[in-house]
Amino acid sequence: MLSDVTSEVLRRNSEAVLERIEFACARAGRAPGEVRLVAVTKTLGPHVVAMARALGIRDFGENYVQELRGKRSAAPDATWHYVGRVQSNTAKHVAELADFVHGLEPGGAASRLSRRAETRNERLAVLVQVDFTGNRAGAAPEEVPALAEEISALEGLTLAGLMTLPPMPERPEDARPYFRRLRLLRDRLLNTHPEAVELSMGMSLDYEVAVEEGATMVRIGTALFGQRPPNG
């Protein structure tokens, strides 16, 4: 776990990130309130989550079920996003702990998420992960309409939108074509699923470009908390 994140460093970093989001929104003619900052706290201890919440951060993202379970109590009034890969054997735990699930792909995880959410008399917001490269996790663009129909038919789930992970860019601009394609795909999906408004795209290196292309959620770790260890 990282231990050198101080409240003052986090305050400065969060202010800088929010300012850059505001500037990106201005360039795109958008309101800053349209973009949700999801602080990804992978490898960080619960005390850092509590610190971030005290500074006004309201959304947190976790990649692993065990970390999500261990940290949620540090900010019980926050909104928690599961941003890791949803596997069939962990789906029931994700449904119990998360408010949003990013990265749903074709397979059995959707029905498992649905069943557990239903037993809790809740509806879980999910985003379909789209793979534009053909070699990463997620649904191919042409698979999205069928997967959207499948999710919409499940009682425990609400289709909230789409997300993507472009190839690691050398420059922020390298990610723009992928973000633009996701927005256009979402816009087409709205014709049949008007509730699917969210676009989860953009991380520390390229979130400003993502905001310019319509992101409603940006998943930020390093720009807030500093560099993780190589295996973090």
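## Parallel strands and buried faces

Strand β5 and strand β6 (residues 157–164) run parallel, joined by seven bridges. Strands here are DSSP runs (E, at least two residues), and helices are runs of H or I with at least four residues, numbered from the N terminus. Two strands count as paired if DSSP finds at least two bridges between them.

This is a predicted model: local features need pLDDT of at least 70, side-chain atom pairs count only at pLDDT 80 or more, and totals for chains, interfaces and linings use all residues. Residues are numbered from 1 along each chain as its sequence is written, and side-chain values use heavy atoms, leaving out hydrogens and water.

**Strands around β5**

A125 of β5 has T158 as its bridge partner in β6. Between these strands, the chain passes through helix α6 (residues 144–152), and this β-α-β crossover is right-handed. Right-handed has an exact sense: with the strands pointing away from the viewer, the path from the first strand over the helix to the second runs clockwise.

β5 also pairs with strand β4 (residues 100–104), in the parallel sense, over three bridges. V101 has V126 as its bridge partner in β5. The chain crosses from β4 through α5 to β5, and this β-α-β crossover is right-handed too.

Another parallel pair is β1 (residues 36–40) and β8, joined by four bridges. A39 has I220 as its bridge partner in β8.

**Which faces are covered?**

Buried means under 20% relative accessible area, exposed means over 50%, and partly exposed lies in between (1.4 Å probe, protein chains only). How many of the residues of β5 (residues 124–130) are buried? Seven of its seven are. The table lists the two sides of β5 and β8.

| Strand | One side, buried | Other side, buried |
|---|---|---|
| β5 (residues 124–130) | L124, V126, V128, V130 | A125, L127, Q129 |
| β8 (residues 217–220) | M217, R219 | V218, I220 |

**The cores**

A nonpolar core is a set of buried Ala, Val, Leu, Ile, Met, Phe, Trp, Tyr and Cys residues joined through side-chain atoms within 4.5 Å. The largest one has 65 residues, and F60, L113, V128 and V218 have the most contacts inside it. Helix α1 gives the most to this core, with five residues. Another core, of six residues, lies apart from it; F100, A125, A160 and M217 are among them. In soluble globular proteins, nonpolar side chains tend to be buried together.

Contact means heavy atoms within 4.5 Å. Leaving aside neighbours within four places in sequence, V128 is in contact with nine residues' worth of partners named here: L104, A139, V144, L147, I151, L159, G161, L162 and M163.

**Helices**

In helix α2 (residues 46–54), V48, V49, M51 and A52 are the buried residues. They cover an arc of only 160 degrees around the axis, so they sit on the same side of α2. That arc is taken from the directions from the helix axis to the C-beta atoms. These buried residues pack against α1 (7–28), β2 (59–62), α3 (65–71), β3 (79–82) and α9 (222–225). G56 follows α2, and its phi is positive, near 105 degrees.

S114 is in helix α5 (residues 109–119). S114 is buried, with a relative accessible area of 3%. Outside its neighbours within four places in sequence, S114 contacts L154, E155, G156 and L157.

A210 is in helix α8 (residues 207–212). Its relative accessible area is 0%, so A210 is buried. A210 touches F179, M201, G202 and A215, not counting residues up to four places away in sequence.
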